[in-house]
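Work through the exercises below with the structure open. Try each task before reading its solution.

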Amino acid sequence: MSTETAEARPDGLSPSQTVGPFFHYGLTPGAAYGHVPVSVDGQVAAPGTPSEPIVLTGRVVDGAGDPVPDAMLEIWQADSDGRYAHPDDGRPRASNSFTGFGRSDTTAEGVYRFTTIKPGRVPGPGGREQAPHVLVAVFGRGMLKQLFTRIYFDDEASNAEDPILALVPAGRRPTLIARRDGDTFTLDIRLQGGDETVFFDV
Amino acid sequence: MSLVLPRSSTVAHPPSLHPAYTSTVLRAPREPLVLVPHTLTELTGPVYGQGKVRDSDADLTTQHAGEPQGERIIVTGRVLDEDGRPVPNALVELWQANAAGRYVHVRDQHPAPLDPNFTGAGRYLTGTDGRYRFTTVRPGAYPWRNHHNAWRPAHIHFSVFGPSFLSRLVTQMYFPGDPLFPFDPIFNSIPDEAARNRLVARFDLAVTQPEWALGYQFDIVLRGREATPTEEPHEH
């Protein structure tokens, strides 16, 4: 019998390991490695995607308050109607061009940046709608596994009734809420220390 | 049937804080993680199509004018879910050092030669059988400054997407019998020995091509299983 047909339940997950310091040419090549094709970048929404274009940016800082110049963020979000480009969200979508996924490394100053659209509200547990939000995975040198967090928007009244924010101690909720200035929303990710970002056990 | 993501299986992962790997000390959160339910946000994730990947992305030995230096190898395996079901259309990305242990990265200043015929980045979209396959060269070990005389075991970085955002995995594949294993804090950050060994590829003579390349098998198991398994659950 060939190994191809020998089906067995795996003993467990493949464990995570750090992306290390040298992921850029493989995952976020950009202009520095122009000969490497890009599979994903920080341009989440093509120009002209229906809805409100926004920039999502901020710094990643460590427990000493220093910028993290070798982190990588990935985001996953719904479209402006709150629908995900995924078969398990069977609701029709206004546009098929929005994938909802993006990836950004950090600059020498620790800054990440996405060009995207403001998401809509999405279904939540127990039939309660969630406030508009973006799911974030943070990777980096010195990070043995990704950390999951969310970005909410400070101009959304529905934050007050969001079932996930409600699980976060009130004093720490501001670490999840980006502040608006024009079309730019800014939120720093603090990996450790004072005002440490809330990370989720998912 | 829908997807479920048991939390118990994540025990395989290393902790965020592993002081022997010194860079974790200022980058691991100190506050407890906040437990939240899985919503539609967590249970969905990016979907890829063939348009994102070219056939040439899977052969790292043919991306330049000449052939790279080093021992040519084939690395293949399946991307599986927790029930052992193949994950189709999974984007697999990899990156690695060259045969001398040097990354093409601008920040790698290790005094080993760059290879003008080797970049070290590739990608593959799995088929219906969940299988991927790369041709590359065996990467060299390289020094780092974590502690005195620190050397990383030879490894290939893997980035894999599964059916949901929570299935997302970045890991490293190691080679069997590496003498550096006992000294590497990144490999040893994984608490369970059996879990560590799941990151060690298996030499496979059946994958090895005569007069051409050594073959290695490396299966990757991601979070997620069907809500209604067709088999009895594993007894632990």
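The exercises that follow use a predicted model.

**Exercise 1. Overall form of chain B**

Task: Find out whether the radius of gyration of chain B agrees or disagrees with that of a compact globule.

Solution:
- Step 1. Take the chain length, 236 residues, for which a compact globule would have a radius of gyration near 18 Å.
- Step 2. Compare: chain B has 19 Å, which agrees.
- Step 3. Look at the extents. Along the principal axes, the C-alpha atoms of chain B fill a box of roughly 50 × 40 × 30 Å.
- Step 4. Check burial. In chain B, 56% of the 236 residues count as buried.
- Step 5. Turn to the surface. The accessible surface of chain B is about 10400 Å², and carbon and sulfur atoms account for 56% of that area.
- Step 6. Sort the contacts. Of those in chain B between residues at least 6 apart in sequence, 72% join residues at least 24 apart.

**Exercise 2. A sheet in chain B**

Task: Give the strand order of the open sheet of four strands in chain B, and say which are the edge strands.

Solution:
- Step 1. Count the elements. Chain B has two helices and 14 strands.
- Step 2. Start from β4, residues 91-96 of chain B. Five bridges join β4(B) to β5(B), and the two run antiparallel. Within this pairing, Leu94(B) has Gly122(B) as its bridge partner.
- Step 3. Go to the other neighbour of β4(B). Five bridges link β4(B) with β9(B), again antiparallel. Here Glu93(B) has Ser159(B) as its bridge partner.
- Step 4. Move on from β9(B). Six bridges join β9(B) to β10(B), which run antiparallel. Ser159(B) stands opposite Val170(B) in this pair.
- Step 5. Assemble the order: β5-β4-β9-β10 in chain B, with antiparallel pairing. The edge strands are β5 (121-125) and β10 (169-174), since each pairs on one side only. From one strand to the next, the twist averages 20°.

**Exercise 3. Burial along β9(B)**

Task: How many residues of strand β9 of chain B are buried, and which point one way and which the other?

Solution:
- Step 1. Locate the strand: β9 of chain B spans residues 155-160.
- Step 2. Count: six of its six residues are buried.
- Step 3. Split by direction. His155(B), His157(B) and Ser159(B) point one way. Ile156(B), Phe158(B) and Val160(B) point the other way.

**Exercise 4. A loop proline**

Task: Is Pro182(B) buried or exposed?

Solution:
- Step 1. Place the residue. Pro182(B) sits in the loop between β10 and α2 (193-197) of chain B.
- Step 2. Apply the cut-off: exposed means over 50% relative accessible area. Pro182(B) has 60%, so Pro182(B) is exposed.
- Step 3. Check a spatial partner. Pro153(B) is 29 residues away along the chain, with 9.6 Å between its C-alpha atom and that of Pro182(B).

**Exercise 5. Salt bridges within chain A**

Task: Which parts of chain A does the salt bridge between Arg180(A) and Glu52(A) tie together?

Solution:
- Step 1. Take the total. Over all chains there are 23 salt bridges.
- Step 2. Inspect the pair. The closest N and O atoms of Arg180(A) and Glu52(A) are 2.4 Å apart.
- Step 3. Place both ends. Arg180(A) lies in β9 (residues 177-181) and Glu52(A) in the loop between α1 (24-27) and β1 (53-61), so the bridge ties together parts 128 residues apart in sequence.
- Step 4. Read the accessibilities. Arg180(A) is partly exposed at 31%, and Glu52(A) is partly exposed at 32%.
- Step 5. List contacts beyond four places in sequence. Glu52(A) touches Thr116(A), Ile117(A), Lys118(A) and Arg180(A).
- Step 6. Add one distance. Glu52(A) and Pro119(A) are 8.6 Å apart, C-alpha to C-alpha, and 67 residues apart in sequence.

**Exercise 6. A salt bridge between chains**

Task: Where do Asp70(A) and Arg27(B) lie, and are they buried or exposed?

Solution:
- Step 1. Confirm the pair. The side chains of Asp70(A) and Arg27(B) form a salt bridge at 2.9 Å, N to O.
- Step 2. Place both ends. The pair crosses between chains: Asp70(A) is in the loop between β1 and β2 (71-77) of chain A, and Arg27(B) is in the loop between β1 (3-4) and β2 (34-35) of chain B.
- Step 3. Check cover. Asp70(A) and Arg27(B) are both buried.

Key. Residues are numbered from 1 along each chain as its sequence is written. Chains are lettered from A and ligands numbered from 1 in the order in which they are written. This is a predicted model: local features need pLDDT of at least 70, side-chain atom pairs count only at pLDDT 80 or more; totals for chains, interfaces and linings use all residues. Side-chain values use heavy atoms; hydrogens and water are left out. Two strands pair if DSSP finds at least two bridges between them. Axes are lines fitted to C-alpha atoms, for helices over the stretch in contact, and angles run from 0 to 180 degrees between N-to-C directions. The radius of gyration is taken over C-alpha atoms; the globule rule is 2.2 Å times the number of residues to the power 0.38. Buried means under 20% relative accessible area, exposed over 50%, partly exposed in between (1.4 Å probe, protein chains only). Contact means heavy atoms within 4.5 Å. Accessible areas come from the Shrake-Rupley method with a 1.4 Å probe; for residues, only the protein chains shown count as cover. A salt bridge is a side-chain nitrogen of Lys or Arg within 4 Å of a carboxyl oxygen of Asp or Glu.
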